[in-house]
Each structure stands twice: as C-alpha cells, then as structure tokens.
Amino acid sequence: MLRSEFLDVLGSVPDPRCTRGRRYSLAALLAIAILATAAGMRGYAGFATWARTAPEEVLAGLGVRFRRPSEKTFRSVLSCLDAADLDRRLGAYFMALAAEQAAAAGEPLAVALDGKSLRGARRAGAAAAHLVSVFAHRARLVLGQLAVAEKSNEIPCVRKLLRSLRQVGLLVTVDALCRYRHNASYAEVAVMPIWR
C-alpha cells in the first residue's frame, strides 16, 4: 500500500475539474494509476482494469467505495493535469526519500543521468519522445525527468537537472554523451561536495 505522506503529495496536486459531479478524488485516481502501472498495466484502459480487479480494502483505503473508475474517467481527468507540476511534486518527494535513505547508510546520494526514447510513444509519424531522467540507485526511484527538445540533445537537460539537484551532495554517473570537459566542470560545481 502507499505511504500516507505519498497520498498527501498526491492530494496536493491541483485538481483541474470543476467541483460539481466529482465522484473520485484526484489523489485516488492518481494512486490507482500509479499502482496499476507498478502492476504492469498500460494506459487508461489498464488503469480501469486494475481498479475493477483491485482488492476492496485497497480501494477503500483510497476512498473508492462503490463504483470503480472507468477508462473514460481516467482519460478525462489525467489528460487535463499539469504534468510538469505533478513531476515536480513527485520528484521532490522521491528526492527527500532517496536522500534520507542515503544519509541513513552514511553514503552520498548516488544517481545516474541517462536519456531514453519512450517505447510506444510515437504519434502520427512524429519522433518518439526522448526523456533524460535522474535515477537514484539505492532507492530505485526516478527523481526527475525532462523531455529533450526537438533538434537538440541530452546535454541541456543534464545541466538543468543537475542545477535542480544542487542542494544535495551527490555522486553522479552519466553516459558518454556528457563526457565533454566543459560538462564535467559544470557537474563538479553542481554536485560538490561528494564525500563528507
């Protein structure tokens, strides 16, 4: 089950719907989508399928008691969310968890920055979305991600992600694309001190 602090983070996300006619809280819909994705479900239909087959006590813990949310509900609500805002909120929560775990182990927070094209994200002949992510090794969490601009590469995203992580002592690994000397010096400024 999800931790109560995580449900609080989901509850802090602004709800794009008008208050009239809401059957499910936004936090419940987001939690179901996250749990369904963790269970291997894909897309709105997968979220609805997971909600239909989920144990009663799990859904009751999320405030879903009688009717289960449908594919249409997930599609209409999740497509209106501010994805960047949701990503920032989840990233800050995951960063705090990962930093706490690293501190308890007496280690720096070890992260990897890497870019990947999303499978199944190609639309109408356009190129598939390419994201650069920060992944915390020990916590096994994605702490943030940025989409690579068209006709660009991963380097500007790596710099922006490193800039957002300046307040935490990090041990960073990056792949060969970011091997240039000026990027290494930029990273040293952004992530020092590594060991205390």
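**A first walk through the structure**

1. Let us start with helix α5: among the elements that cover its buried residues are α2 (26-38) and α3 (43-53). Please keep in mind while reading that this is a predicted model. Helix α5 spans residues 71-78, and its buried residues are T73, F74, V77 and L78. These residues span an arc of only 100 degrees around the axis, so they sit on the same side of α5.

2. It may help to have the overall layout in mind. The protein chain holds eight helices and four strands. Read from the N terminus, the order of elements is α-α-α-α-α-α-β-β-β-α-β-α. The chain has 196 residues, and 38% of them count as buried. Among contacts with a separation of 6 or more, 55% are between residues 24 or more positions apart.

3. Next, the two helices named at the start, α2 and α3. How do their axes cross? A general word first: a pair of packed helices is described by the distance between the axes and the angle between them. Here the axes of α2 and α3 come within 9 Å, and they cross at roughly 95 degrees. That angle falls in the range of 65 to 115 degrees, so α2 is roughly perpendicular to α3. On the α2 side the contact is made by I32, A33, L35, A36 and T37, and on the α3 side by G46, F47, W50 and A51. By residue type, this contact of α2 with α3 has seven nonpolar residues, two polar ones and no charged ones.

4. Helix α6 covers residues 83-104 and includes L90. Is L90 buried or exposed? Its relative accessible area is 16%, and the limit for a buried residue is under 20%, so L90 counts as buried. Leaving aside residues up to four places away in sequence, L90 touches F6, V9 and L10. L10 is worth finding on the model: L90 and L10 are 80 residues apart along the chain, while their C-alpha atoms are separated by 8.1 Å.

5. D85 is another residue of helix α6. With a relative accessible area of 13%, D85 is buried as well. Which residue can you look for alongside D85? Try P14: these two are 71 residues apart along the chain, and their C-alpha atoms are separated by 8.8 Å.

6. Now for a loop. R140 is found between β2 (130-136) and β3 (141-147). Please have a look at its backbone: R140 is not a glycine, yet its phi is positive, at about 55 degrees. Is R140 buried or exposed? Its relative accessibility is 67%, and the limit for exposed is over 50%, so R140 counts as exposed.

7. Finally, a word on cysteines. How many disulfides are there? A disulfide calls for a pair of cysteine sulfur atoms within 2.5 Å, and by this rule the count is zero. You can still compare the surroundings of two cysteines. C18 is exposed, with a relative accessible area of 56%, whereas C157 is buried, at 8%.

Terms used. Residues are numbered from 1 along each chain as its sequence is written. This is a predicted model: local features need pLDDT of at least 70, side-chain atom pairs count only at pLDDT 80 or more; totals for chains, interfaces and linings use all residues. Side-chain values use heavy atoms; hydrogens and water are left out. Buried means under 20% relative accessible area, exposed over 50%, partly exposed in between (1.4 Å probe, protein chains only). Contact means heavy atoms within 4.5 Å. The arc is that of the directions from the helix axis to the C-beta atoms. Axes are lines fitted to C-alpha atoms, for helices over the stretch in contact, and angles run from 0 to 180 degrees between N-to-C directions. Angles under 35 degrees count as roughly parallel, over 145 as roughly antiparallel, 65 to 115 as roughly perpendicular and the rest as oblique. Ala, Val, Leu, Ile, Met, Phe, Trp, Tyr, Cys and Pro count as nonpolar, Asp, Glu, Lys and Arg as charged, and the others, Gly among them, as polar.
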